[in-house]
Amino acid sequence: MKRIAVLTSGGDAPGMNAALRAVVRYGIYYGMEVYSVHRGYEGLIEGDFERMHRRSVADILHRGGTIIKTARSERFMHKEFREKAFQNLQKLKIDGLIVIGGNGSLTGAKMLSEEFGIPVIGIPGTIDNDLGYTDNTIGFDTAVNTVLDAITKIRDTSSSHERSTVIEVMGRNCGDIALYSGFSGGAEIVLLPEMETSVKEVCDKVKEGIESGKLHSIIVRAEGFPVSSQDLIKALKEETGQDVKLVVLSYLQRGGSPTFRDRVLATECGVLAVELLRDGIFNRAVGEVSGKIVHFDLAKALEAKSTLREELLQGIKVLSM
Ligand code: F6P
């Protein structure tokens, strides 16, 4: 394995730079030439490569975002553009490609390997934590800590004004950001895409809280929950008579310096990805299971469903009574 390329794709996540740094520096350490691809699969289609050196990744370990840029490539969904990407990889004689991204991005890597025989390795980079084969994805811990910080601040003002707040968080179809931030932030209610909860249940819970002397309720709603934040607030205002505010955390959750956990996970995944390519082991997804950095067949890994820790939900119900 002489020449490898690395790209970041999909929504950026804190720790992507740490993974990139590990790939570049370990690749060079093992005697490889390392290229980065700008703007994910878009850069692969355009042939936008950059030869990386040890200093190319200086001073990025602590930075959120991704210095090689990212994109959601609509074109890559079409075979003609994947063919173009393949040709660009061949032109540069790239022997292996490392993709840092979420579900869609790793599926793109799988397609490249299946259709054109490109040796690929997937690194899980997304704040959503929606890849079932790994306990954690890079960026998830930082995002949850960002939400937790917001909950803590919102709690102060909600309590002072005796009002409730709906905090809308990201995660696409996965409720993990809401679940873990709600659990650790002492939320009264978390609303997840994976778990049915009626508007009536939410209103009843808030009303019970008011009757038992609660000054406020914090409701963390995952963006994938089927009832919109606006509809929820309307119902809550009508049913409880309390003032209810909405805070949408949006892209705040994707920015910021990665936590130590995300830096360690990203670095270890980056190192393993390079070592797999060095050892001729291809089409693998690297990740973390029970604290160990491991790798699985990429196609099988992508089939794994993420599981919800329902005991945390139960905990929230009891703890917030
Ligand atoms: O996948 C990461 C994520 O932040 C999701 O939580 C969210 O639904 C989506 O990306 C937003 O995507 P965009 O950057 O295209 O607005």
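**Close-up 1. Salt-bridge network of Glu42, Glu46 and Arg75 in the predicted model.** Salt bridges link Glu42, Glu46 and Arg75 into a network. Within this network, Glu42 pairs with Arg75, and their closest N and O atoms are 2.9 Å apart. Glu42 belongs to helix α2 (residues 40–46), while Arg75 sits in the loop between β3 (49–52) and α3 (79–91), so the salt bridge ties together parts that are 33 residues apart in sequence. Arg75 has a relative accessibility of 24% and therefore counts as partly exposed.

**Close-up 2. Salt bridge between Glu239 and Lys207.** The closest N and O atoms of Glu239 and Lys207 are 3.5 Å apart, within the 4 Å cut-off for a salt bridge. Glu239 is in helix α8 (residues 229–240) and Lys207 is in helix α7 (residues 199–211), so this pair connects parts that are 32 residues apart in sequence. Both partners are partly exposed: Glu239 has a relative accessibility of 43%, and Lys207 has a relative accessible area of 26%.

**Close-up 3. Salt bridge between Asp279 and Arg278.** Asp279 forms a salt bridge with Arg278, with 2.9 Å between the closest N and O atoms. Asp279 is partly exposed at a relative accessible area of 46%. Arg278, at 37% relative accessibility, also counts as partly exposed.

**Overview. Salt bridges in the predicted model.** The count of salt bridges comes to 18. Among them are Glu42 with Arg75, Glu239 with Lys207 and Asp279 with Arg278.

Conventions: Residues numbered from 1 in each chain as written. Predicted model: local features only at pLDDT ≥ 70, side-chain atom pairs only at ≥ 80, totals over all residues. Heavy atoms only, no water. Salt bridge = Lys/Arg side-chain N within 4 Å of Asp/Glu carboxyl O. Helix = DSSP H or I, 4+ residues; strand = E, 2+ residues; numbered from the N terminus. Buried < 20%, exposed > 50% of the residue type's maximum accessible area, 1.4 Å probe, protein only.
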